[in-house]
Amino acid sequence: MLTAPAFYGRAARRGKRPEGGIRHRIGYVGMARASEVTRSKENGWHPHMNLLVFLGGRLVGTPAKGTVVKHFKPGQKSLAMWETWLRDLWSGALGKADPSYKPSTECEIRDCKCDGKGHGVKVQIVRSADDAALIDYLTKVQDGKKPADSVTADLKAATGAAMETTRADTKRYTGHSVTPFQLLYRLWDIESAGTDPEQAEGYGTPTQCRAWWAEYEQAMAGRRAIEWTRGLRRHVRMDGDDSEERDREFIYEQEKNQKLVGGIAMTADAHGFVVRADAELDVRATVEAECYDSAADVVAGLGGRADHVRVLTAEQLAEVQEALFARLKARQEERMRQARIAAYEADQAAKDAARRQLAGALGRLLARRS
């Protein structure tokens, strides 16, 4: 969507003026995107995306590097044009992946959430009935008064849209469709809680649930749960970013002043027994309950040696924590160094490209003059 000329627009070309795209008509300034996967008995895996798209902004420059200078209310005609175009784009992409795919363009199911437009793309506009009241509520110190009805409705709609996009792990699907996390819940209910399979949430045998989870884990490995388009945080006046580097910095800052109060150490042999028996959660539970001595009993029960597990003293805990943070800090510094190198190389490449472009222009100019 973001790179299609129909949406993004076209830059000025020889003899032609620049052309605005759909993004200019709806005031697109950015979006947050989350990838989600569900699974049904009838059709297997169903990957899809949830997008929070921010509209109604007049931009000077591009969404990534520009500035929002004005706000407006996108018209219904422009929003309908965007939805129709987006539906065609999505269906076309699926058709390229599977030529036998026939997109759904209409629906006769009563009260279906597609509103009769067919399945594949659904656009829901979240709009405030009273912008001034909402802004006042969000920006001023609260005095304990009940927010206006319009504000309550706004917060409910925005929260619903945000949760739909960002919290796939908390969702519950009914009927024959389940989330990957529901597969894990079902596995736990059957094997750990002893729930009757007929009463447990979801569907599938424990062996099937394990296999399906492994498929999901392999397919989604390396994908970020939530992505923000460049520039959006600045446009909505949110500090920071959602990079993995920032996540690590946040964890470091939160944890570096919290001293470890207890823990255990085990040999590689003992750890091997735990891993092979899939008993990591059991060991973790004993540590979190501060029953450190019980961890040795767990290892012994798995066939390992109890003396291969020892409870750490306060001095040893301090040494472990210091070593962990030193390693984290070193990795952080190396990432920053690599980022500076990459930025420098990108800058040099851009300068070289500009020089080549200028040299080409001068060459053409000299050729015309001669």
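I began at Leu324, which I located in helix 13, spanning residues 314-369. The model I am reading is predicted. At 44% relative accessibility, Leu324 counts as partly exposed. I then looked for the surroundings of this residue on the surface: Leu260, Val320 and Leu324 make a nonpolar surface patch of about 230 Å².

Next, the aromatic rings. I counted six aromatic pairs. One of them joins Phe181 and Trp213 edge-to-face, with 5.7 Å centre to centre and 70° between the planes. This pair links distant parts of the chain, since I find Phe181 in helix 6 (residues 180-191) and Trp213 in helix 7 (residues 206-220), 32 residues apart. I checked the cover of both partners: Phe181 is partly exposed at 28% relative accessibility, whereas Trp213 has 19% and counts as buried, because the limit is under 20%.

I followed Trp213 to Tyr216. Their ring centres are 5.2 Å apart and their planes stand at 50°, so I entered the pair as tilted. Both residues lie in helix 7, three residues apart, about one turn of the helix, and both are buried. I noted that Trp45, Phe181, Trp213 and Tyr216 form one aromatic cluster.

I also looked up charges over rings. Arg39 lies over the face of Trp45, a member of that cluster, at 5.4 Å from the ring centre. Arg276 lies over the face of Phe273, at 5.1 Å from the ring centre.

Last, the cysteines. My search of the whole structure found zero disulfides. I recorded Cys107 as buried, at 16% relative accessibility, and Cys291 as partly exposed, at 38%.

Technical notes:
Residues numbered from 1 in each chain as written. Predicted model: local features only at pLDDT ≥ 70, side-chain atom pairs only at ≥ 80, totals over all residues. Heavy atoms only, no water. Disulfide = S-S within 2.5 Å. Buried < 20%, exposed > 50% of the residue type's maximum accessible area, 1.4 Å probe, protein only. Patch = residues over 30% accessible without salt bridge, like charges linked within 9 Å, V, L, I, M, F, W, Y side chains within 5 Å. Areas by Shrake-Rupley, 256 points an atom, 1.4 Å probe, with all protein chains shown as cover. Salt bridge = Lys/Arg side-chain N within 4 Å of Asp/Glu carboxyl O. Helix = DSSP H or I, 4+ residues; strand = E, 2+ residues; numbered from the N terminus. Phe/Tyr/Trp six-rings, centres within 6.5 Å; stacked < 30°, edge-to-face > 60°. Lys NZ or Arg CZ within 6 Å of the ring centre and 35° of its normal.
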